[in-house]
Amino acid sequence: MDKSDFIRLIYKLYAILEQHSLNMTNRNLILRYFGVTVLIIGIIFNILMIVNEAWPTYLFFIICLIGIIQIVLSFLKKIKIVWQIFWSLIPFILGYGYLQIDAPSKDIYLIPNNYQGKVEILYGIINGQKKESEGLWRVYRIPESGKLKTQYELKGNSISLDNCKFYYTDLKGNRKPLKVYDVNCGDGDTISVQIINWGSLGMEGKSQDFYVGVPNSKFFKNKQNGI
């Protein structure tokens, strides 16, 4: 292949790409394909919810609706490829934003040194403990009584163990990490002070409680046996 043949090949490839781009624009295929994909995803999620005997959430219906709107728009008028990509990505961007807004907060619990017993946190108390944070993490300073009233609202009406850190703290602010006891997935340690029965939420996400103590102590053995 000489230089002139190579140049003609480049021109042919350019012409093919240009024609393909024109077809994608004229027929709005990007937007249409994304719309079909979004619609299918929404339908699958709705079916899974029904199969699992749960009510499909409004979010999945909205996903289906967005997919239908994208498909309809793709037939109405010619849209430039850049705008097709933009409108195609919108539902994914909004979905990610929604999940971040509705996601549990990242929480640090500072518990008085050597405290053992029940810890209760009441959310949304106007005259409660002022909001405190370390970067993206909320800080909850548990008082000696074990009952904390905080101005924070429970974010997303849920809590996540992956987003929580528990510490004993002394008067100088020194911190000692505390483990969360899990009878099924733990390391078998039942003799050190740990966080027990974590993740119990009150009605309407207004409170949560957990215990600090030794898992094999008489108190917690009695609790497990319902005594």
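## Strand β1 and its partners

In this predicted model, Y109 stands opposite Y140, a residue of strand β4. The two strands involved, β1 and β4 (residues 137-141), pair in the parallel sense, and five bridges hold the pairing. Strand β1 also pairs with strand β6 (residues 164-169), again in the parallel sense, and here six bridges join the two. Within that second pairing, D107 has C164 of β6 as its bridge partner, while L110 is matched with Y167 of β6.

Strand β1 covers residues 106-112, and it is largely enclosed by the rest of the structure, because six of its seven residues are buried. Strand β6 is mostly covered as well, with five of its six residues buried. One residue of β6 that can be looked at singly is C164, which counts as buried because its relative accessibility is 11%, below the 20% under which a residue is called buried.

## The five-stranded sheet

These pairings belong to an open sheet of five strands, which follow one another in the order β3-β4-β1-β6-β7 with mixed pairing. The edges are taken by β3 (133-134) and β7 (175-177), and each of them has a single partner strand, so one side of each is left without a neighbour in the sheet. Strands of a sheet pair through backbone hydrogen bonds, in either the parallel or the antiparallel sense.

At one edge, β3 and β4 pair in the antiparallel sense over two bridges, and E134 stands opposite W137 of β4. At the other edge, three bridges join β6 to β7, and these two strands run antiparallel; here the bridge partner of Y167 is P177 in β7. Strands β6 and β7 form a hairpin with five residues between them, and in its turn G173 has a positive phi of about 90°.

## The largest pocket

The largest pocket holds about 340 Å³ of space. Its lining is made up of 15 residues, and those that lie nearest its centre are L59, I63, P91, F92 and G95. Three elements give two or more residues to this lining, namely α2 (29-51), α3 (58-76) and α4 (81-102). The largest share comes from α4, which supplies seven residues. By kind, the lining divides into 14 nonpolar residues and one polar residue, with no charged residue.

## Cysteines and a buried valine

The count of disulfides in the model comes to zero. Like C164, the cysteine C64 is classed as buried, because its relative accessibility is 10%.

Away from the five-stranded sheet described above, attention can turn to V212, which has its place in strand β10 (residues 207-213). V212 is buried, because its relative accessible area is 1%. V212 and V119 are 93 residues apart in sequence, while in space they are 7.3 Å apart from C-alpha to C-alpha.

## Confidence in the model

The mean pLDDT of the protein is 79, and 77% of its residues reach 70 or more. Among the elements, β4 has the highest mean pLDDT, at 95, whereas helix α1 (residues 3-27) has the lowest, at 52. Where pLDDT is low, the predicted coordinates should not be read in detail.

How values were computed: Residues numbered from 1 in each chain as written. Predicted model: local features only at pLDDT ≥ 70, side-chain atom pairs only at ≥ 80, totals over all residues. Heavy atoms only, no water. Disulfide = S-S within 2.5 Å. Buried < 20%, exposed > 50% of the residue type's maximum accessible area, 1.4 Å probe, protein only. 1 Å grid on protein atoms, 1.4 Å probe; cavity = no way out; pocket = protein on both sides within 12 Å on 5 of 7 lines; lining within 4 Å. Points joined across faces, edges and corners; volume = space filled by probe spheres on them. Helix = DSSP H or I, 4+ residues; strand = E, 2+ residues; numbered from the N terminus. Nonpolar A, V, L, I, M, F, W, Y, C, P; charged D, E, K, R; others polar. Pairing = 2+ DSSP bridges. pLDDT = per-residue confidence, 0-100.
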